[in-house]
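The following paragraphs lead through a protein model, from its overall make-up to selected details. Please keep the sequence and the structure in view while reading.

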Amino acid sequence: MRFRIIWATIVLGLGISTAAAQDLRRSVEKVSGRTDPQLVSDSSGEAHILRDVYEGLTTYGPAGSIVPGMAESWDISEDGRVYTFHLRDARWSNGDALTPDDFRYALERLFDPATASENAYRLSAIQGAKERLEGHYIQIGVTVNDNRTLTISLTEADPLFLTRLSHPAAAPLHQASNRANNGYPVVNGPFKFEQISPGEMVSLVKNDQYYGAAEVSPGAVRYWQRPASLAARALLDGIHLSAYSQLAADGLRLANNTMVFVARTSTVYVAIVNTATIDDPAVRRALSAALDRRSLVSQLNGDWIPTMSLQGDGPNQEPADPTAPECCRLNPDTCNQEPDCGKDDEFSLDLQQLLQGKDITLVSSQIERSMKIAAEMERAWEALGASVHVVNITNVTDALQSDAYDVTLMPLSTDTGDPLELFRWLDQRASKWISEPEFNSLIDAATASASSERAARLSDAEKALLAERGVIPLMAIPAINVVAPNLQGWIPNAADVHLSRYLRVSQ
């Protein structure tokens, strides 16, 4: 993860009435007025709002780690397929007791095809979920044991299951109010709905029935709709925290604001190389070295992050290669000028000699963004003597099953922000193109590891994967947060989740 902070003062008071000091003002790209957690859209920022009013079995801590939510503890079977959750003494915003059956009801509704939730796949590892989604009514693996205990059974072990349970789609539902569908819903999170004005604002107030209400600092949270094009207006209006999935850099070049950029691992553009058709590792490294990541980023609108890593960037915020010598990671632009730097890395390759006369078929999707990146890659490789043929297809994943192509350009995304999910996808979907036994075994080890050991194993797996350049990272889509200097409790994290309950506005 990489972040940059520019400190200054913020101008307050235009367009929005001044609220009490303890009230928090946030902005997101879209306020649709949607209150159903199972229908939330992450791309518009709605998840930020619904995470403040709903809480699942697990939730996020201040620094983005997974912590107990409605479940105060849990047990996991040795094979990782059965989770038993022990619920805390919690209540809904109307004072009703929260029960395990509220979770069972919600999950059955989530997997009902009539709900049409685009988030149901997140929890499809639950027994019977896939069959329910296909219209077959069978029992799902959710069992209410007693009035405080719930068991969830999976078809296969999922090391990220506790993270998935923190998503609003996995939140419980108050059964009576959900069926009545009348007025604002009864909720169980730190805040509850006070007012909803679609296209403009959502107002939340503290939920006094919440088990941790005494530790919630803001008395109210106002979410204002501010599209990326109006980022400057939001800042001048006294917003304490604005969140954007992408924002033109010029929109943030303001003298009187605090700016924070956070690059998360949820979406990284990569070039996957067919190691059967381009079997020389030196040629694959030359393909990587020939690509100027900053030039690729310049072809796109938005503050994308050039990267040479799948998990984050280097300490000086430049593209960092985890397999390169330390001096190259710290200063890739001048790597080959460092006298003590290793000479077996791609920065010292004779690129033209390696790429001259090579025929390369590059696959890209038909999305404009991908086609722009592919055109820049074509230009860079042909400048070194290669002959590049770009093919635009609908589903680039299909290309990974064919030897008719040499390089596939595609975005890799995770649902959880955890790089393990990204690596497992590569291990399962790109195995025909990428044959790295060490990478495969390390991913298996990371999957079976405790979370405390996972980061080290993933780091080793990434080095094994990138060493031979079967995968070439190019750029990451950032999550951008604009933070007022008087906002306390905001901590940058890879999940880009900042619950209002942890934030406080200082005088």
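How many helices and how many strands are there in the protein? There are 14 helices and 20 strands, in a model that is predicted. Of the 507 residues, 55% count as buried. The accessible surface of the protein amounts to about 20,800 Å², and carbon and sulfur atoms contribute 46% of that surface. Among contacts with a separation of 6 or more, 69% involve residues 24 or more positions apart.

The interior may be considered next. In soluble globular proteins, nonpolar side chains tend to be buried together. In this model the largest nonpolar core has 59 residues, and Phe85, Ile126 and Ile152 are those with the most contacts inside that core. Helix α2, residues 100–110, supplies the largest share of this core, with five residues. A second, separate core has 33 residues, including Ala271, Ala290, Leu291 and Leu296.

Ile126 shows what such a position in the largest core involves. Not counting residues up to four places away in sequence, Ile126 touches Leu107, Phe111, Gly141, Val142, Ile152, Ser153, Leu154, Thr155 and Phe161. Two of these names recur elsewhere in the description: Leu107 is one of the buried residues of α2, and Phe161 belongs to an aromatic cluster together with Trp74, Tyr83 and Phe85.

Helix α2 itself is mostly covered, since eight of its 11 residues are buried. These are Pro100, Asp102, Phe103, Tyr105, Ala106, Leu107, Glu108 and Leu110. The cover over the buried residues of α2 includes strands β6 (82–87), β7 (142–146) and β8 (149–153) as well as helices α3 (129–133) and α5 (175–180).

Which residues of helix α1 are buried? The buried residues are Glu46, Ala47, His48, Ile49, Leu50, Arg51, Asp52 and Val53. With eight of its eight residues buried, helix α1 (residues 46–53) is mostly covered. The elements that cover the buried residues of α1 include β2 (24–28), β3 (58–60), β9 (191–197), β10 (201–206), β11 (220–225) and β12 (241–244).

Two of those covering strands also pair with each other. β9 and β10 run in the antiparallel sense and are joined over six bridges; within this pairing, the bridge partner of Gln195 is Ser203 in β10. The two strands form a hairpin with three residues between them, and Gly199 in the turn has a positive phi of about 80°.

The aromatic residues provide a further view of the model. The count of aromatic pairs comes to six. Tyr210 and Tyr211 form a tilted pair, with 4.4 Å from centre to centre and 40° between the planes. Is Tyr210 buried or exposed? Tyr210 is buried because its relative accessible area is 3%, and buried means under 20%. Tyr211, by contrast, has 30% relative accessibility and therefore counts as partly exposed. The ring of Tyr211 also has a charged neighbour: the charged end of Arg88 sits over this ring, 4.1 Å from its centre.

Further along the chain, strand β15 (residues 359–365) and strand β17 run parallel and are joined by two bridges. Within this part of the model, Leu362 stands opposite Val407 in β17. Strand β17, residues 407–413, is mostly covered, with five of its seven residues buried.

Ser370 links this region to a helix. Ser370 lies in helix α11, residues 368–382. The residue is buried, because its relative accessible area is 1%. Leaving aside neighbours within four places in sequence, Ser370 is in contact with Tyr269, Ser364, Ser365 and Leu409. Of these partners, Ser364 and Ser365 fall within the residue range of β15, and Leu409 falls within that of β17.

A last example concerns Pro281, which lies in helix α7, residues 281–289. Its relative accessible area is 23%, so Pro281 is partly exposed. Which residue lies 187 residues from Pro281 along the chain, with C-alpha atoms separated by 5.4 Å? That residue is Glu468.

Note on methods
Residues are numbered from 1 along each chain as its sequence is written. This is a predicted model: local features need pLDDT of at least 70, side-chain atom pairs count only at pLDDT 80 or more; totals for chains, interfaces and linings use all residues. Side-chain values use heavy atoms; hydrogens and water are left out. Rings of Phe, Tyr and Trp (its six-membered ring) pair if their centres lie within 6.5 Å; planes under 30 degrees apart count as stacked, over 60 as edge-to-face and the rest as tilted. Buried means under 20% relative accessible area, exposed over 50%, partly exposed in between (1.4 Å probe, protein chains only). A charge sits over a ring if NZ of Lys or CZ of Arg is within 6 Å of the ring centre and within 35 degrees of the ring normal. A nonpolar core is a set of buried Ala, Val, Leu, Ile, Met, Phe, Trp, Tyr and Cys residues joined through side-chain atoms within 4.5 Å. Helices (H or I, at least four residues) and strands (E, at least two) are DSSP runs, numbered from the N terminus. Contact means heavy atoms within 4.5 Å. Accessible areas come from the Shrake-Rupley method with a 1.4 Å probe; for residues, only the protein chains shown count as cover. Two strands pair if DSSP finds at least two bridges between them.
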